[in-house]
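Visitor: I'd like to learn how to read a pair of packed helices and a buried residue. Can you walk me through it?

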Amino acid sequence: MHHNPISVTNLSYDYADGTQALHEINLEIKATERVALIGANGSGKSTLLRHLNGILLAQKGRIVVGEQAIAPETLTQIRNFVGLVFQNPDDQLFMPTVWEDVAFGPLNQGLAEPALTDRVKRSMAAVGLDFDRYAERAASNLSGGEQKRVAIAGVLAMQPQVLVLDEPSAQLDPASRRQLIELLQSLPITQLIATHDLDMALELCSSTIVLGRGSVVFSGPTEQVLGNPEFLRQHSLEPPLCYARPYCQLDHAPDTSPPRFISATLAENPYVSSFKVAQ
Ligand SMILES: Nc1ncnc2c1ncn2[C@@H]1O[C@H](COP(=O)(O)OP(=O)(O)OP(=O)(O)O)[C@@H](O)[C@H]1O
Ligand SMILES: [Mg+2]
């Protein structure tokens, strides 16, 4: 077991159009730790995750996973070690059937039948996809949530040591989201989870990293940062819904509506204030 399976030092990255997406990122993730990566849209979460299995290569700085620095010559080992579930399943699923998509990774790792089919079945079951119902279907015809589950199954099938997930609960129905949370809780491997689902972050991750405009603006206990509404607001975030649960239970509803953050500014917006409600 590696002590710090993910170590990022002074990582900066600019896209070709000049967008500075990451700036001097430093972070360490310990073995078997589950860490949430949160931050506003465009703060750099996906860009950072794409570096962790070498889809993007560091322009400046250094990333070590396991005991290996990420470099063109280590990419095969890196990708067996770090499994990345993309934010958008379209970027991940490209085979004609679900079976082939889930089998693709282990097949490339050299897994042969009958272990291969067994691995595919187990991975699909882990994300609640019925093998008989889905194996022969084309991923491109599935719903967004089903595609997300196929993408997660495909990464689980490779049995990575480190699991990196980009918005894993987006598009999942509540039952599938719950199943995902329980699955991630049960996996004894290091996990880094980029998410806007802060209730999930609170439930799963003892530590959280917050990105703001490509820099790490917080790294520490999840409860500490999610319990700081002012800091969250500064970074386009809000406390998890479970912190506001009394407002959600009708028996306990206060006389006034819960605060509506958008109303004041939107009401002053000439586009919105020109709307008339039909009588
Ligand atoms: N291919 C690209 N070319 C140019 N700029 C890009 C590209 N991809 C992302 N960016 C920019 O890099 C910055 C970081 O984007 P990134 O996708 O990493 O953010 P994010 O935190 O994952 O956001 P979200 O919450 O919306 O998923 C943004 O300013 C974005 O516009
Ligand atoms: Mg993203």
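Guide: Sure: α3 passes α6 in a right-handed crossing (the near helix is turned clockwise from the far one by less than a right angle; anticlockwise would be left-handed). This is a predicted model, where local features need pLDDT of at least 70, side-chain atom pairs count only at pLDDT 80 or more, and totals for chains, interfaces and linings use all residues. Residues are numbered from 1 along each chain as its sequence is written, with chains lettered from A and ligands numbered from 1 in the order in which they are written.

Visitor: Which residues of α3 and α6 make the contact?

Guide: From α3 they are V98, D101, V102, F104 and G105, and from α6 V150, A153 and G154. Contact here puts C-beta atoms, placed from the backbone, within 7 Å.

Visitor: At what angle do helix α3 and helix α6 pack?

Guide: Two packed helices are described by the angle between their axes and the distance between the axes. Helix α3 (residues 98-108) and helix α6 (residues 144-156) pack at about 30°, with axes 7 Å apart. They are therefore roughly parallel (angles under 35 degrees).

Visitor: And G214, is that buried or exposed?

Guide: G214 counts as buried because it has 23 C-beta neighbours inside 10 Å; the cut-off is 20 or more for buried, 12 or fewer for exposed. G214 sits in the loop between β9 (207-212) and β10 (215-221).

Visitor: What is G214 in contact with, beyond its neighbours within four places in sequence?

Guide: Q20, A21, L22, H23, S43 and G44. G214 and L22 are 192 residues apart in sequence, yet their C-alpha atoms are 4.1 Å apart.

Methods:
Helices (H or I, at least four residues) and strands (E, at least two) are DSSP runs, numbered from the N terminus. Two residues are in contact if their C-beta atoms, placed from the backbone, lie within 7 Å. Axes are lines fitted to C-alpha atoms, for helices over the stretch in contact, and angles run from 0 to 180 degrees between N-to-C directions. Angles under 35 degrees count as roughly parallel, over 145 as roughly antiparallel, 65 to 115 as roughly perpendicular and the rest as oblique.
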